[in-house]
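Student: I should like to discuss the aromatic rings of this protein and the reasons behind the terms applied to them.

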Amino acid sequence: MDTGGKPAYESTDLRFRLADDRIQELLMGEQLYGDPALAIRELYQNALDACRYRGARTEFLRLRHPELAPWSGRITFKQDVDERGRTYIECVDNGIGMGERELREVFSHAGMSFADLPEYLDERAEWRKAGIENHPNSRFGIGVLSYFMIADDVSVTTCRLDREGHPGRRLKVDIAGPGSLFHIRDLGRGHEAGTTVRLYLRPSANLPSCTDLLRRLLWISEYSVVAQDAETRLDWEPDVLSPTAPLGHPDPHERGAERAASTKVDATSRPDVWWTNTRGAVLADGVWIGVALFGAVVNLTGKQVPQLTVDRRRALALDMEFVMQRLREEIPALMREGAGTFSHRWLSELVGHHPGLADEVAEAAVARRYSPWSVQGQELDITAAGCFGIDGQFTNRDAWSKGPAPSLPGALVEWRMRALVAAGAFPEVTLTDPESVVRARPTDIGLLNEVATREGREGKFGPERRYSNSWLEPEEPVALGHVLEFARLVGLSPREVTDRLVQLGFRLEDGAVLPETVMPDDMLLLSRDLDEEPPWLEVARPLPLGHVLVVAERTKRRPADVAARFAELGLRLAEGGVLPGTVVPDDIVLLSEGRRGHLPWLGVDRPVPLGHVLRVAEQTRRSPVDVAARLAELGLRLQDGAVPPAAVEPDDLVILRQRLQSNMPWWDVTVPMPLAHVLVAAHVVRRTPDEVAARLVQLGYRLRDEAVLPAVLEPGDISLLKVGGDRHAEWLDFTEPPALGHVLAVAERTKRRPAEVAARLAQLGLSLPKGVEPPAVVGFDDLYILSEGYDRDAPWLDAEVPVALGHVLAVAERINRPPAEVAARLAEFGLRLVEGTVLPETVGADDPALLSVDVDREPPWLDVTAPVQVSHVLSAAHRLGRHPSEVMARLVALGLRMADEAALAKFELEDLRMFGGRDDMTEWDKKVTIQLHHVFHGAVRSGRPLADVARRFRELGFDLADDVVYTQGSVDARQL
């Protein structure tokens, strides 16, 4: 009753009802399944269940009556046309068959299965006592309705095998549709148990060839299967992977899916596991279920059959650990005589899909001293080389010369070259201690590469990793995040991963604490960008409070709990930061220096600029005072002198930015504000200078002492304060004195005298550097002379920095004037050359290139006061195609001195190819001991044999590592 005494609700005799015809349409139509070929799969699954049922009953009967003949199941599919011209598909099995009870209670009853009948349950209990198992597959109970996806009429002829093993009555049923009545006809005593189901196809049925469909989807049959149509007959041997199964194809459901000609298959000791050199699959009762599996085919049966979607296209739950265990048990089959799957290429691809399994396979191969172990056609000793995915790039020089040079660290190349030498790849090279070389595991290629895993395991372990720029370097500690990510990816403990890194010459970052196991959120905690990928946080650096709060928000944990997990891993919150009890939504925006609530984060060790407070206040619609108070609660403080206003005014966020750009830093309230900034800000926000200055003072800022605000801007002031003359030009940096080049460029652009421009800038608080004098008029070449890029545009030379000889010669060449005239003009401006500069009378053709650090005729320039390193001479000689002695002589003539003139005198032009580009050549300045990887790179670059390269290094005065012996022989570098 309600408060007025009336019934709160009224009850009527209503009942939820199902519209039988619509439900049948839903269950059997493409709306549910989306695949009319499901009917064929259901025919097979039902026949398979019938054969399994009879097989279990026969096995049980033979325990009591050994004299009974053995039984073999068979299933036959036929697609043909009958005598009346009707196209049909027929499935015949010699399984258990159906009696009248099964037809009435199971076949005609959607949602029922024979496994639900009391007779079957009682019988199964007896079988189990005898050690006999049977697992029916038809678990959906609506499979028969799927026949009417493609058929108008269905005919069933069947004979039941009774519990004593005798055939019963032969029965026939003809059904005109899913909702039709049907009559069971008794055809007399049966002589052979089994069932024949014939589907009379609708003309509109979009059905591929039944034979072709089974070829693509049925990979392994438990019993003998035959499928034939007018053109093709296919046979499946029991428990044998079908030779026509489309291994390697991404989706066997596609018509025309075929097996690649290069596919190899190896049997194992079990009929449910097969190795292959391409994409295989996890099957359910021999049928494709949409689960690809590189390198193998594993057929799940019995209790291990996964739950499937109604259309049987996908697995909803799959025990991959069981699949992996099956594969581990069959590793020996890969290496038996005659097997063709196992190879370096196959194992290098397997690791991208199943890293742990790949390591176990490699370990087994080493234990067996597997042979032949061929890498790029060269047979190696697997016990020395192990398996590293890019080893073929070392044994095959063409792989390096045909594409971009991989960015591999010298330490990595050294390790692989030593391993390959020990494995027999380079007969002209031997090691004094080959046993000291660490054998490679397949997963090492991923362990040594700190690459993001957003592309999955294949991306981390794939051969394209040789072009990565993210290889670990032994000189740098390994991040804890990398260790934990790899442990999770491969299934190892963090300690096992760290031990392997140490074995390979790496070390974990100081202070990191290895957990026993990797927690689900650890990757999020340790990723700097909060995306569970590198770059990783450094343990030694204090944690930003903002990072901790983002993790807490995303993981729905308390900040204290997140901080505790960080502490367990060795990371500590920045001193002074205060963890809130819970994360307030605005906290993350408050602590982020950007607008989007992510790094860079504010640090408790740096005062917060007032501009940040106002930006957050506007974004969160809170008062600046509240924002500042919340910052204080979190342990952060404002810059001294900053005064948070009661409210944010519309122009505040503009006038507080340096150079009035949203991507520039906020003005520091402790630094006096330049007058020019006030004037430009007034122009941008369309207010008077006095109004802008007054607002700045209200916020705690102060103008420079000598600043005198004009009432209004003069018409030409804006052009004076911009770099460049177009509408996209930027404002000057008001924290630095203006460059003379800027003064002259403005003077030329505005048709004013340079002195007038300089004077007005000084009035605006921007005086030229001391000693710099603007000329009376702007000469056309002046802007070339003052431009760093000698192109009459910013950036301009800094008057505080002496002008390099390279700049003088490059300008002289550009404007076709003697170097002395360029230097003289610079002196007139008050700019000086580097002390000790020697000016040539004319500019040599290659002088600007010789004097540029990158040999590209552009700044930065060589310092004439410092000795020129060997690497620069070699790089310039290589780039310019000149003999090193010529380069050295010209540089000396320009007043530069050599760091090692005697060493340079030994180099010939053909030697340069051994040394690579400039970045590689800087290593030679240190007179390093020549390691094997130096010799290897020299051989690859020059096309000379390893022994010849080693000998030439020695002749050039380098020391060779004493644990590598080079033997002069006939092995050409093209064999590398």
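The dialogue below concerns a predicted model and takes up ring pairs, burial and charges over rings.

Student: How many aromatic pairs does a search of the whole structure find?

Tutor: The search finds 17 aromatic pairs. One of them joins phenylalanine 342 and tyrosine 370.

Student: Why is the pair of phenylalanine 342 and tyrosine 370 called edge-to-face?

Tutor: The planes of phenylalanine 342 and tyrosine 370 are 75° apart and the centres 4.8 Å apart. Pairing requires centres within 6.5 Å, and edge-to-face requires planes over 60 degrees apart, so both conditions are met.

Student: What does the pair of phenylalanine 342 and tyrosine 370 tie together?

Tutor: Phenylalanine 342 lies in the loop between α8 and α9, and tyrosine 370 in the loop between α10 and β12, so the pair ties together parts 28 residues apart in sequence. Both residues are buried. Ring pairs also link Phe342 and Tyr370 with Trp275, Trp346 and Trp373 into a cluster.

Student: Why does tryptophan 415 count as buried?

Tutor: Tryptophan 415 has 13% relative accessibility. Buried means under 20%, so tryptophan 415 qualifies. Phenylalanine 388, which forms an edge-to-face pair with tryptophan 415, has 0% and is therefore also buried.

Student: What makes arginine 86 a charge over the ring of tyrosine 200?

Tutor: Arginine 86 is at 3.7 Å from the ring centre, over the face of tyrosine 200. The distance limit is within 6 Å, so 3.7 Å satisfies it. Lysine 722 likewise lies over the face of tryptophan 731, at 5.1 Å from the ring centre.

Definitions and conventions. Residues numbered from 1 in each chain as written. Predicted model: local features only at pLDDT ≥ 70, side-chain atom pairs only at ≥ 80, totals over all residues. Heavy atoms only, no water. Phe/Tyr/Trp six-rings, centres within 6.5 Å; stacked < 30°, edge-to-face > 60°. Helix = DSSP H or I, 4+ residues; strand = E, 2+ residues; numbered from the N terminus. Buried < 20%, exposed > 50% of the residue type's maximum accessible area, 1.4 Å probe, protein only. Lys NZ or Arg CZ within 6 Å of the ring centre and 35° of its normal.
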